[in-house]
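Work through these exercises with the model open beside you. Try each task before you read its solution.

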Amino acid sequence: MPSYSPVQQGSPPPAAAQHSAGASDSRISRSYRSPPPSSRPTEHRSRRDSSTPPAPSSCLSNFYRERFGSHSPEDYLNLRLSQFEPKMGKEHIRGVLEREFRHLAPFEIKIVRNPEDDERLAYVNFERPDCAKSVRRSLLPRLQKMLGRTIGVDPAGVIRDQEGKFIPDRYNRAVMAAAERSPTGGGGPVPLRRAASPVQPRRQPPRRMEMPVFHLNQDDTQAGRTIFVGNLPGDVRDTELRRLFEDFGTVDEVDIKLLADSNAAYAFVLFETVEQALAAREGQHNKPMRPGEYRCQLGYGKTQPCASLIIGGLGPWASEELLEKAFCDYGEIASIQFDGDSHGYIRFAEQTAATEACSAMKNFPLGGDDKCITVDYAKDEKKDDEKRVPTAPRKRPYDGQHH
């Protein structure tokens, strides 16, 4: 049995003991060596300061900043990721996102290419509230490390109200309302659900990441004052559409409709005259509203029926008497307004008469073969200062021979 000689307190250790202590100390991992007490706070502060995560606003894409500035909405469920490293492929991006977001499942990932600049875009749709916000609060450093320092991470699926404030879109409102009504309130780990999975935890509105195919009415002979505009971005604004289409004439009304996830939209634009709508369809069809966006698809929509009609394509050859003779076949005319310019207004006593006349007289050669007129429903305020022309309804069609 080996023996140990005692070492007196305060005396230096023997040489062998010093060697043994040095060998033992060298085997201790550096990670477990504590620094001197005086240096520990300074070192800890510097390490913490160097790892401070970037602010969410610093990772907004140029696309987002140009439209919304540096502010984020209060509530959103989706993210739009862009500005990836060019060499990164679709499967690599998907793999990184699925791995980094696994603890936030269920979610769906859609990766597409912008047809204008060939840039990859990734849309991530979460189902649980605050997941998208959690990514922008805590995972930006990891995403920058995995996907590139220039990665853009934007809130998606949001729109602004008329005062410029952010509000959730229709899809997000429905999902958040369903979550609030749930008796369990969510919580707990849930399995990752891929987009193609047939298992759905609850019934949801369809999610479209790409525009549907529109069946457009592009028959100029059946044109009206309303233009349908498809392939619009989900964040399109009323003022933006008015600015675009006022190059073709006076815009009376704009009605924007959002698709399921608001990443896309379509709209109805009402012009003052049919001729302006014709010019807009010819000038803007198959052209992008913004650089790098999808190309707009334009066709003719339906105008709200009423008892008043606007007649276009007129000229010096036209008169109130000629308009009366041509249109009185369809019902009692309450009033006619024509000042000798290119347009006139006819108000019928009954809306059914106006509907019949509007359908029958579109593109009619009232002034001859090369002088076809346009006909559509007019705004009701055109009734002011109209001249009343009482007539008895006649049921024989106009043959164009009594002018």
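**Exercise 1. Find how E2 and E3 pair, then place them in their sheet.**

Step 1. E2 and E3 pair in the antiparallel sense, over seven bridges. Two strands count as paired if DSSP finds at least two bridges between them. Helices (H or I, at least four residues) and strands (E, at least two) are DSSP runs, numbered from the N terminus.

Before going on, note the ground rules. This is a predicted model, where local features need pLDDT of at least 70, side-chain atom pairs count only at pLDDT 80 or more, and totals for chains, interfaces and linings use all residues. Residues are numbered from 1 along each chain as its sequence is written, and side-chain values use heavy atoms, with hydrogens and water left out.

Step 2. Look at one facing pair. Arg113 stands opposite Arg120 in E3.

Step 3. Widen the view. The open sheet has four strands in the order E2-E3-E1-E4, with antiparallel pairing. E2 and strand E4 (152-156) are the edge strands, and each pairs on one side only. From one strand to the next, the twist averages 20°. In general, strands of a sheet pair through backbone hydrogen bonds, either parallel or antiparallel.

**Exercise 2. Describe how helices H4 and H5 lie on the sheet.**

Step 1. H4 lies across E1, E2 and E3 and runs at about 155° to E2. Axes are lines fitted to C-alpha atoms, for helices over the stretch in contact; angles run from 0 to 180 degrees between N-to-C directions.

Step 2. H5 also packs on the sheet, where it touches E1, E3 and E4. The direction of H5 makes about 40° with that of E1. Contact means heavy atoms within 4.5 Å.

**Exercise 3. Which residues have the most contacts inside the largest nonpolar core?**

Step 1. Fix the terms. A nonpolar core is a set of buried Ala, Val, Leu, Ile, Met, Phe, Trp, Tyr and Cys residues joined through side-chain atoms within 4.5 Å. Buried means under 20% relative accessible area, exposed over 50%, and partly exposed in between (1.4 Å probe, protein chains only).

Step 2. Read off the answer. The largest core has 27 residues, and those with the most contacts inside it are Leu81, Leu97, Phe101, Phe126 and Leu147.

Step 3. Trace the suppliers. Strand E1 (78-82), helix H4 (90-100), strand E2 (107-113), strand E3 (120-126), helix H5 (131-138) and helix H6 (140-147) each give at least two residues to this core.

Step 4. Take one member. Beyond its neighbours within four places in sequence, Leu97 contacts Leu81, Phe107, Ile109, Ala122, Val124, Leu143 and Leu147. A second, separate core of 26 residues includes Leu309, Cys328, Phe364 and Ile373.

**Exercise 4. Is Val236 buried or exposed?**

Step 1. Locate Val236 in the loop between strand E7 (226-233) and helix H8 (238-245).

Step 2. Apply the cut-off. The relative accessible area of Val236 is 8%, so Val236 is buried.

Step 3. List the partners. Not counting residues up to four places away in sequence, Val236 touches Leu241, Ile256, Ala265, Met289 and Arg290.

**Exercise 5. Classify the aromatic pair Tyr266 and Phe268.**

Step 1. Rings of Phe, Tyr and Trp (its six-membered ring) pair if their centres lie within 6.5 Å; planes under 30 degrees apart count as stacked, over 60 as edge-to-face and the rest as tilted.

Step 2. Tyr266 and Phe268 are 6.0 Å apart centre to centre, with 85° between the planes, and the pair is edge-to-face. Tyr266 is partly exposed at 22%, and Phe268 is partly exposed at 29%.

**Exercise 6. Find backbone exceptions.**

Step 1. Recall the rule: most residues other than glycine have a negative phi, and most peptide bonds are trans.

Step 2. A cis peptide bond joins Ala105 and Pro106, with omega about 5°. Pro106 lies in the loop between H4 and E2.

Step 3. Asn231, in strand E7, is not a glycine but has a positive phi of about 65°. Its relative accessibility is 14%, so Asn231 counts as buried.
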